[in-house]
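Biologist: I am new to reading protein models. Could you walk me through some features, giving the general idea before each case?

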Amino acid sequence: MDSERILENRTVLVDGERIVRIGPADEVEVRTGATVIEGRGGYLLPGLGEMHAHVPPGGDDAEEVLFLYLSQGITTARGMLGQPGHLDLRNRLARGEVLGPRLYTSGPSINGNSIPSPDSARRAVRHQKEAGYDFLKIHPGLTREAYDALVETAREVGISWAGHVPADVGLDRALEARQASVDHLDQYTEAIVAEGTDVTTSFFFGANLAGYVEDPKIGEVAERTAEAGVWNVPTQSLIENVLLPDDPDEMAARPEMRYMSPETVATWVERKRATLENELYSAELARRFVEVRRQLIKALSDAGAPLLLGSDAPQIFQVPGFSILHELRLMVASGLTPYEALRAGTYNVALYFGALDEFGTVEEGKVADLVLVEANPFDDVANVARQAGVMVRGRWVPAGEIARRLEAIAASHGN
């Protein structure tokens with residue numbers, strides 16, 4: 001995944017957590033007693049990233065969600081609503097005590113209620129840095145003054161901030177401040193509507209404003225994003241699940257819903273119905289909004305603005321792991337090539353974390369976070385779902401074991 005290429009007929013040797021040798025199959029010697037995973041006819045790619053993940057506080061629920069991520073090839077997750085228990089969970093995952101992806105975790109939500117003033121912003125930044133969180137998670141509601149204080153203090157103590165763009169802050173300021181990532185393309189719609197458009201009543205990331213978008217502004221804002229070097233995590237599958245006028249009962253019948261509790265799925269059905277019945281909702285505008293966002297994703301990619309793969313699971317009809325496979329398909333539907341979509345979930349994830357020497361590509365010396373699939377994902381990105389198994393930190397989890405564990409999860413929910 002360092003470029004759009006396929007190395008054919010290779011043997012990959014793993015010792016412990018690391019890839020130690022990659023070479024032509026007829027030249028690499030495999031020692032007696034080694035575990036041999038037959039990959040003939042398959043394609044080996046780096047493990048995927050879920051860059052807008054949510055993890056339960058702990059216990060069996062957390063371990064179940066983490067395995068669901070892993071079951072679909074996710075070996076790195078960025079937890080976007082952290083709490084103290086996640087610090088220990090992060091370490092247990094790293095030690096292999098819990099089967100799941102490596103975890104980068106934010107601290108607790110920074111929003112207009114939790115951080116009402118510049119002074120409280122400064123205190124929160126210092127506290128979360130000292131506690132050991134990897135980054136700060138921004139939610140809506142922050143005032144411009146509190147955001148500016150957060151930015152100043154975060155730079156001072158050396159911690160990044162990511163997530164939403166509060167309305168009082170706006171996209172221009174977030175780009176100027178070089179927010180680490182903007183998630184959900186938050187505030188992008190407001191930035192590309194015609195001058196004079198009233199953006200004070202914004203429904204679900206500006207969906208009700210889609211009719212006022214000026215297409216030339218899409219390319220302009222993409223160029224500004226590229227110049228700022230700000231990453232984007234579009235979570236397009238979430239947007240389309242929520243907004244498109246699909247029957248919620250049919251959505252609840254999707255195969256992967258077996259791995260969620262019936263109560264959770266019922267809640268999602270009601271939330272979907274509530275969205276479709278909202279007075280600001282219009283099916284026509286929803287379709288236009290989806291198209292605008294797809295144009296934005298393509299424009300950001302074309303401009304060189306860095307993209308990351310993320311889906312906001314588990315949220316409305318976003319089953320952990322499975323939603324990333326939907327997200328890959330929607331990135332391609334937005335105009336990216338399969339390689340570009342996959343790069344957003346592999347190489348770019350490691351680049352974002354400054355960890356390209358550790359993971360993100362299949363190379364000697366790197367951590368063995370790998371996915372073996374049965375057909376070429378460059379031909380069709382949906383082939384990523386045809387997995388023969390996943391390797392996480394050198395531990396091989398074959399498709400049969402994954403299937404058994406998934407059945408156990410379904411059975412635990414009475415499905």
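Modeller: Let us begin with burial. Buried means under 20% relative accessible area, exposed means over 50%, and partly exposed lies in between, using a 1.4 Å probe and protein chains only. Helices (H or I, at least four residues) and strands (E, at least two) are DSSP runs, numbered from the N terminus. In this predicted model, local features need pLDDT of at least 70, side-chain atom pairs count only at pLDDT 80 or more, and totals for chains, interfaces and linings use all residues. Residues are numbered from 1 along each chain as its sequence is written, and side-chain values use heavy atoms, with hydrogens and water left out. Now the case: helix 8 (residues 236-243) is largely enclosed by the rest of the structure, because eight of its eight residues are buried.

Biologist: Which elements cover the buried residues of helix 8?

Modeller: For packing, we look for contact, meaning heavy atoms within 4.5 Å. The cover of helix 8 includes helix 9 (248-252), helix 10 (262-276), helix 11 (283-303) and helix 12. Beneath that cover sit, among others, Gln-236, Glu-240 and Asn-241 as well as Leu-238 and Ile-239.

Biologist: How should I read a longer helix, such as helix 15?

Modeller: An α-helix has 3.6 residues a turn, so residues three or four places apart point the same way. A helix also has an expected span, 1.5 Å times one less than its number of residues. Helix 15 (residues 399-412) has 14 residues and spans 20 Å from first C-alpha to last, close to the expected 20 Å. Its buried residues are Glu-401, Ile-402, Leu-406, Ile-409 and Ala-410. These pack against helix 1 (59-71), helix 12 (322-333), strand 12 (387-392) and strand 13 (395-398). Just after helix 15 comes Gly-414, with a positive phi of about 75 degrees.

Biologist: What should I know about the sign of phi?

Modeller: Most residues other than glycine have a negative phi, and most peptide bonds are trans. Here Asn-9 has a positive phi near 55 degrees without being a glycine, and Asn-9 lies in the segment before strand 1. Asn-9 counts as exposed because its relative accessibility is 63%. Arg-178 is not a glycine either, yet has a positive phi of about 60 degrees. Arg-178 sits in the loop between helix 5 (170-177) and strand 9 (181-183), and counts as exposed at 51% relative accessibility.

Biologist: Which residues are joined by a cis peptide bond?

Modeller: Ala-313 and Pro-314 are, with omega about -10 degrees. Pro-314 belongs to the loop between helix 11 and helix 12.

Biologist: And what is a nonpolar core?

Modeller: A nonpolar core is a set of buried Ala, Val, Leu, Ile, Met, Phe, Trp, Tyr and Cys residues joined through side-chain atoms within 4.5 Å. The largest one here has 72 residues, and Leu-136, Tyr-147, Leu-150 and Trp-161 are among those with the most contacts inside it. Helix 4 (residues 144-157) provides the largest share of this core, six residues. A second, separate core has 33 residues, including Leu-70, Tyr-259, Val-269 and Phe-322.

Biologist: What does Trp-161 touch beyond its neighbours within four places in sequence?

Modeller: Its contacts include Leu-136, Tyr-147, Leu-150 and also Arg-178, the residue with the positive phi.

Biologist: How do I read a loop, say the one holding Asn-111?

Modeller: Look at where each residue sits and what it reaches. Asn-111 is in the loop between strand 6 (102-105) and helix 3 (118-131), and counts as buried at 16% relative accessibility. Setting aside residues up to four places away in sequence, Asn-111 touches His-139, Pro-140 and Leu-142. The side chain of Asn-111 also reaches the backbone nitrogen of Asn-113 at 2.8 Å; a polar contact is a pair of N or O atoms within 3.5 Å, where within protein one must be able to donate a hydrogen and the other to accept it, and residues adjacent in sequence count only if both atoms are side-chain atoms.

Biologist: Is Asn-113 buried or exposed?

Modeller: Asn-113 counts as exposed, because its relative accessibility is 74%. Asn-113 and Pro-140 are 27 residues apart in sequence, with their C-alpha atoms 9.3 Å apart in space.
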